[in-house]
Amino acid sequence: MAHVSRRSALTIIAAGGAAAFSRRARAADSAGRAIYPVAVPLYQTHFVADRIGFFKEAGLDCKLIQGGSGVKTREIIASSQGDIGIGDITHPMQLANRGRGGRVLMPVDTRSGAVMFIIRKDLKDQGINTLEAFTQWKRPDGRKPIVSVSSLGGTNHVWASYYMETMGLDDKVTWIGTGNVDTMLGSLKSKQVDILVSGLSLLKESQEQGWGELLFDGTDQAIWNKHIGGKVPVTSHFTLQSTIDEDPAKMQAFVTALWRATQWIKAHTPEQIYDAIEPYVGSTSRSANLLEITALQKVADYDATIDAASFARGEKVWFREMTGIKPLTIADVVSPGFVEAARKAYPG
């Protein structure tokens, strides 16, 4: 927790890059804004592209801005105050449904790395050790137990609610959004919520602080395959069609930088990745972040492709009453041309 003050200063200009390139590129750099929801390793491709210098080498003078949640990130992109966002793939789908031309530029992963149900330690100590037992418990005022996610409609909510629906438990809890890392952890510590759904870094942090314990691991491959069936693009880099049309070269630069960041992550150790992104994830401990980075490397989509089979697996999760998203086809929402060009320029 020693770096909170550093992290709070984020919204920084991308630094680094090849020295030989920088003098020539600086004059032609195109201003850009990349939006990420909260300060966790899940969004590390943005952080790596900044810190290692891939944005700069692509000719971008890029500011990274923390949206505060997945939904807020989507709203920033929708208002054209940001060029590219990272978040659940349902965000560009929501934009497409609303006539805003949401486009998926590049998938990030093959299954969710942020759908761990972290229960209050005092409840686990009382013997509540399954989701079924949790939903039978009532708060002191008689209300349903409260499940916290970063934002209603965001990644954690979409996938956690699907698990709960398949188990017939979704209507037995109250869902709330609690925002960024600090407020999510604070809500669990203060017992304002009873379960926090997030990834390994927050699980580790809550365990180290004595606030929480793991109840259900929706990131586990066997559990994922049982309920989901296999590879699905969960997180994506996205934008608007109007943003693409305005400056396709800039969008190509973004995707090229993020593709290179993905390949850099593949080739480096969790320790090296953490050292690169530490200024962005300083709200949680080094050990917690290393655990999450290790887990994310296992679910990352290093090919950055969305095929028909993976899209079909996701349809049962994306297009349901909870999300309110009307069915879309791959062609309706995915623009693969940018990553294909990036792959040719920088083979993985």
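How many salt bridges does the count come to here? Hi everyone, the count comes to 12 salt bridges, and please keep in mind that this is a predicted model. I'd like to walk you through three of the pairs.

Let's start with E57 and R260. Their side chains form a salt bridge, with an N to O distance of 2.9 Å. E57 sits in helix α4, residues 54-57, while R260 belongs to helix α14, residues 248-267, so this pair ties together parts that lie 203 residues apart in sequence. Is each partner buried or partly exposed? E57 has 23% relative accessibility and is partly exposed; R260, at 18%, falls under the 20% cut-off and counts as buried.

Helix α14 comes up again in the next pair, D83 with K250. Here the salt bridge has an N to O distance of 3.6 Å. D83 is in the loop between α5 (70-78) and β3 (84-88) and K250 is in helix α14, so the contact ties together parts 167 residues apart in sequence. Both D83 and K250 are buried.

My last pair is D122 and K191, whose side chains meet in a salt bridge at 3.9 Å, N to O. This one also links distant parts of the chain: D122 is in helix α7, residues 121-125, and K191 is in the loop between α10 (181-189) and β8 (195-198), 69 residues away. D122 is partly exposed, at 23% relative accessible area, and K191 is partly exposed too, at 42%.

And which residues join D122 and K191 in a network of salt bridges? They are R120, R139 and D194. Thanks, everyone!

Note on methods. Residues are numbered from 1 along each chain as its sequence is written. This is a predicted model: local features need pLDDT of at least 70, side-chain atom pairs count only at pLDDT 80 or more; totals for chains, interfaces and linings use all residues. Side-chain values use heavy atoms; hydrogens and water are left out. A salt bridge is a side-chain nitrogen of Lys or Arg within 4 Å of a carboxyl oxygen of Asp or Glu. Helices (H or I, at least four residues) and strands (E, at least two) are DSSP runs, numbered from the N terminus. Buried means under 20% relative accessible area, exposed over 50%, partly exposed in between (1.4 Å probe, protein chains only).
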